[in-house]
Every structure is written in structure tokens, then in C-alpha cells.
Amino acid sequence: MSTTRTILICSGKGGVGKTTTTANLGIALARLGARTVVLDADFGLRNLDLLLGLENRIVFTAQEVLAETCRLEQALVKHKQEPNLALLPAGNPRMLEWLTPKDMKAIVSLLEEQFDYVLIDCPAGIEDGFKNAAAAAREAVVVTTPEVAAVRDADRVIGLLNTQGVTPVQLVLNRVRPKMMSIQEMLSVDDVTDILALPLLGLVFEDEQVIVSTNRGEPLTLGESGSPAAKAYNNIARRLQGEDIPLMDPSEARNGFRARVRQLMQTRLF
Amino acid sequence: MTVKDFIDKLLGRQISSASTAKQRLQLVLAHDRSDLNPELLAQMRREILEVVARYVEIDVEEGDVSLETEDRMTALVANLPIRRSIQQTPEGGTL
């Protein structure tokens, strides 16, 4: 029985940070010494290669491995700076309809032979792309943002994961804006965890450095950057490893004069 | 947030958008999870009231049938104030 953790990273809604989360967690886990592979199951619109800076190094994909036109080692793209991390694209955008749940299970079981973590970057939506990506998942991380559409779609995905028996399913709350939370103009962390009833694996604050790092193709967790998102992703990786790391508190992250004045006015008046 | 919005909020004239968001989500998720649209729910409500009204006299105006959700469990909650019971014979006729 393999001890590999095969984790689906999914969200339902697009654009909430699945691929960014997969890339940063992959690097962070690899840096903690875990042999990690990130599998891009969103091959129609694949982007994980781009966020990892590996877009020019893809020769083969999982499809060629299953068709036995190449060996798994040839298809795995090793990260230069972080050799514990490898990328495997499920396919290329030209092959639209090849991946089935059976293919997914076959490729994942090959990966489980040589990796500690298999992170599967799931496509948006809850149709076939999701079902294929989820077929081999043992556990899942649902990424959402504190916005109504993202939370609603996350709820649908959690329902599907529950019926598939994927467990545990944990939550990453992305793009948190502490200032907006403090004036109750953004769903709070408790609001989201109450509604979705999932354990919180991590909070990631809105951070402009994420955009800079994707421009460069170098995930934030690769450097020693102390940016809030880098810290958050490193913390999530350590929690996955079983370390007990306290969650960040959005109310402590607030700074700036105006926020403090607002806070003061609210405590006096209410 | 404009100054006017801020003052409105301080004076309690406007509820925060976060609590509006939470309420709207709770309602829409109760419907999503049960796969019942508001029209079907209204029909079910009517039919439940009809059945209950055969046995007890209920206050239709005060009655409420709604979906409530807690910890991913959705429950159908009916709150139907009873005016008095209607005594029935085993054959089903009213005494």
C-alpha cells in the first residue's frame, strides 16, 4: 500500500487561484524534502507549466506515457532550481477528448510508485474535466475566495467530492483582503468556513507579488521572499506535512492609519 | 466605500455587504444542495399545507415551510401554527 498523498487541487469556479496554489505548494513541499509531482489535469487550457517557468521544456505528456511511446521519466519535467519537483502535463491542448477516469488512475498509480506527493491541478467546472481529474484523488484541497460566486461553486465541488468518498477535503481561502474584512465588506473567514463546513488548511492574503512571480515563471515559494502569500503557501505545505502551524489572523494583518481609526470607531460605537 | 456609505453604516442605516452576502449564499446553497428551485418549493409548500389542513386547522398566513442548512445538512423545516385539531373517524369523515 502506497503512502503517497494524492491530492486534488480544485475550486469549481475558474480564476480563484488553483494553478497558483498548485505551483506554490509543489515548490514548497519539494523544498521541505518531499518528492513531489504536479500533474496538470487541465490540459485543454494548461497553464501550470507557465507558472512554473517550464513551458519550453515539455516534450511528452501523460498520454504518450500511457500509449507507451515514451517512458515516464522522459515525460516528467524536472524543475531546475528545485529537483525534488517534477511536472507532468496530462496532455497537450490539441488532444481534446482522450483522458478518461481509467487513464487518470493508470497515470497516477505510476506516479505513486516514485513520489511522496501527487498534486493534481484540476480544471474549472464540474463536468467531465473535473470528473476525470478527480478519479484518482484520495484527498482534496478546495481553493476559494471570499466572494459569493466562488463560495457557491466550491460548495458544488465539495458535494461531488463527498459522494466520491474523497477524504479529507480541506479549504484554502485565497485572496483575503484583511482591510475589507475588518469593515465587513468582505465575507469573513468564519462566514466561509461556516457555510462550507470544511477544515481550514490555510489563508492566503491578496498579494501583488503573486502577479510579479507569475510574470517571471518563478513561484513565490521558490525564493526567500517574505511576502505574505509566500509565507501562507509555505505554512500550508508544513500543515500538509503534519506540522501544527497557527493560522494567520486577518485582523492582525491590518495596518495603516485609516484601518486603525475605523477599528477604533467601531469598538467605541458598537 | 464612499463617505456617505460609511456614515450610513455607522448609523446602522445600511447592513454590511458581507452579511448580505452570507444571507444570500445560505439561501442559494440550501436550494442548490436540495436541487429544489423556488417554484418547486412553493408547490411543495402548498401541497404540505393541503395535507396538514386535512388533519388540523392551521393558520395558513403564519405558516412557513423553508429549507435550512447547517454543517452541509439541509433540512426542510415546517412551522405551522395549529388553531385546533379536526377530529376524524377511522373512516375519514369529520365528526
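**Two chains and a nonpolar core**

Biologist: Where do I start with this one?

Modeller: It's a predicted model, and 16 residues of chain A are in contact with 17 residues of chain B. On chain A's side, H7 and H9 are the elements that give two or more residues, and H7(A) has the largest share, with six.

Biologist: What makes those residues count as "in contact"?

Modeller: Their C-beta atoms, placed from the backbone, lie within 7 Å. By class, the side of chain A that touches chain B has eight nonpolar, three polar and five charged residues.

Biologist: How do you know how H7(A) and H9(A) sit against each other?

Modeller: Look at the axes of H7 (residues 148-164) and H9 (residues 189-196) of chain A: they come within 10 Å and cross at roughly 30°. H7(A) passes H9(A) in a right-handed crossing. Val151, Ala154, Asp155 and Ile158 of chain A make the contact from H7(A), and Val192, Ile195 and Leu196 of chain A from H9(A).

Biologist: Why is Asp155 of chain A, one of the H7(A) contact residues, called charged?

Modeller: Asp is in the charged class, so Asp155 of chain A counts there. The contact of H7(A) with H9(A) has six nonpolar, no polar and one charged residues.

Biologist: Why is the set of 88 residues called a nonpolar core?

Modeller: Because its members are buried residues of nonpolar kinds such as Leu, Ile, Val and Tyr, joined through C-beta atoms within 7 Å. Among those with the most contacts inside this largest core are A:Leu8, A:Ile120 and A:Tyr233. Helix H11 (residues 228-240) of chain A gives the most to this core, seven residues.

Biologist: What does A:Tyr233 touch beyond its neighbours within four places in sequence?

Modeller: A:Tyr233 is in contact with A:Asn24, A:Leu25, A:Ala28, A:Val204, A:Leu220 and A:Thr221.

Note on methods
Residues are numbered from 1 along each chain as its sequence is written. Chains are lettered from A and ligands numbered from 1 in the order in which they are written. This is a predicted model: local features need pLDDT of at least 70, side-chain atom pairs count only at pLDDT 80 or more; totals for chains, interfaces and linings use all residues. A residue is buried if 20 or more other C-beta atoms lie within 10 Å of its own, exposed if 12 or fewer, and partly exposed in between; C-beta atoms are placed from the backbone. Helices (H or I, at least four residues) and strands (E, at least two) are DSSP runs, numbered from the N terminus. Two residues are in contact if their C-beta atoms, placed from the backbone, lie within 7 Å. Axes are lines fitted to C-alpha atoms, for helices over the stretch in contact, and angles run from 0 to 180 degrees between N-to-C directions. A crossing is left-handed if the near helix is turned anticlockwise from the far one by less than a right angle, and right-handed if clockwise.
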